[in-house]
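Colleague: Could you take a close look at the interior of this predicted model for me, and explain it in a way that a first-year student can follow?

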Amino acid sequence: KLDVSCHVLIPEHTPEMKRKAMLSLGAHLHPVPFDTWWKAIEKRQYPVDLLPGHFIHPASESSVIAGNGTIGLEIIEDLGINNVGAVIMPYGGGGLSCGVGTVIRDMGAKDALCYAVEAETAAPLKASFDVGRATSCDYTPSFVDGMGGKCVLPEMFDLARRVLEDSIVVSVREIADAARFLVEKCKVVAEGAGAAPLAAAFSGRVRGVVERLSVSYRVGILTRK
């Protein structure tokens, strides 16, 4: 609408469905190997001669975090501030989980437990929580392409540690089973990252007294009795 060009750096394995969605909005796509893509995320830059324009970070940009935080507002508005038992969110760069977690905590839902969920094939946040600092981990590509990376961004670690209770690591099989459940029982087709919070909830590793599970795309919400 503003006639401003948008160039998006994407990993080469980005699914066609996501590519078509971005193209339909007028984006210019620039597929690169995953290592090149992740390096741009770590360095917060990409050669301007290869990708023109102002670089907007997909995770640690303050406006991106704030935009993701509006999901937390919707959760509180829909369920009531005293009914949120736990919120489970996929962790990739941290923008989604930290944004939602910040709003949940700052709005006064102090008893709500906010969790990240990671696939066992890429779980740097869990490794970082274990050692008390931002660190890296082994990364294995899988169909769960919407979350996970090689490391925790240093600028995101302190915020993640403040607003997230823990990171729940689930297997690719558990995520696949959760995705199948969403299709069969809820008539919802979700990508791997979208099904991961449900997999975490089903794993039994979420603390807190809960009665029922409300599932929305990419975020699982456990509500109190």
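**Inside the model: cores, cysteines and spaces**

Modeller: Cys98 has a relative accessibility of 0%, so this residue counts as buried, the limit for that word being under 20%. A buried cysteine invites a question about bonding, since a disulfide is a covalent bond between the sulfur atoms of two cysteines. A search of the whole predicted structure, however, finds zero disulfides. For Cys98 in particular, the nearest cysteine sulfur belongs to Cys114 and is 10 Å away, whereas a disulfide would need the two sulfur atoms to be within 2.5 Å. Another cysteine, Cys186, has a relative accessible area of 37% and is therefore partly exposed.

From this buried cysteine we can turn to the nonpolar cores. The largest of them has 35 residues, and the members that touch the most others are Tyr91, Ile104 and Leu164. Several elements contribute to this core, with at least two residues coming from each of α2 (34-43), α3 (62-79), β3 (84-90), α4 (95-106), β4 (113-119) and α6. Of these, α2 gives the largest share, which is five residues. Leu164 makes a good example to follow in the viewer: leaving aside residues up to four places away in sequence, its contacts are Met89, Tyr91, Ser97, Cys114, Tyr115, Ala116, Leu125 and Phe129. Cys114, whose sulfur is the nearest cysteine sulfur to that of Cys98, is thus found again among the residues that Leu164 touches. There is also a second, separate core, made of 23 residues, and Ala190, Ala193, Ala195 and Ala200 are among them.

Next come the empty spaces. The count of cavities of 30 Å³ or more comes to one, and the largest cavity holds about 40 Å³ of space. Its lining is formed by Ala119, Thr121, Ala122, Tyr139, Thr140, Pro141, Ser142, Val144, Met147 and Gly148; sorted by class, these are six nonpolar and four polar residues, with no charged ones. One of the lining residues, Thr140, sits in the loop between α5 (124-131) and α6 (154-163). Thr140 has a relative accessible area of 43%, and because this falls between the limits of 20% and 50% the residue is called partly exposed. As a guide to distance, the C-alpha atom of Thr140 is 23 Å from that of Ser60, a residue 80 places away along the chain.

A pocket, unlike a cavity, is open, and the second largest pocket has about 210 Å³ of space. Ten residues, written 10 in the count, line this pocket, and those nearest its centre are Pro15, Met17, Lys18, Ala190 and Glu191. Its lining has six nonpolar residues, one polar residue and three charged ones. Ala190 therefore appears in two parts of this account, as a member of the second core and as a residue of the pocket lining.

Finally, two residues deserve a look for their backbone angles, given that most residues other than glycine have a negative phi. Asp3, which is not a glycine, has a positive phi of about 60 degrees; this residue lies in the segment before β1 (7-11), and its relative accessible area of 78% means that Asp3 is exposed. Lys187, also not a glycine, likewise has a positive phi of about 60 degrees. Lys187 belongs to the loop between α7 (172-186) and α8 (192-202), and with a relative accessible area of 68% this lysine is exposed too.

Notes. Residues are numbered from 1 along each chain as its sequence is written. This is a predicted model: local features need pLDDT of at least 70, side-chain atom pairs count only at pLDDT 80 or more; totals for chains, interfaces and linings use all residues. Side-chain values use heavy atoms; hydrogens and water are left out. On a 1 Å grid over the protein atoms alone, a cavity is a set of points where a 1.4 Å probe fits but cannot get out, and a pocket is an open set with protein on both sides within 12 Å along at least five of seven lines; lining residues have an atom within 4 Å of a point. Grid points are joined across faces, edges and corners, and a volume is the space filled by probe spheres set on the points. Ala, Val, Leu, Ile, Met, Phe, Trp, Tyr, Cys and Pro count as nonpolar, Asp, Glu, Lys and Arg as charged, and the others, Gly among them, as polar. Helices (H or I, at least four residues) and strands (E, at least two) are DSSP runs, numbered from the N terminus. Buried means under 20% relative accessible area, exposed over 50%, partly exposed in between (1.4 Å probe, protein chains only). A nonpolar core is a set of buried Ala, Val, Leu, Ile, Met, Phe, Trp, Tyr and Cys residues joined through side-chain atoms within 4.5 Å. Contact means heavy atoms within 4.5 Å.
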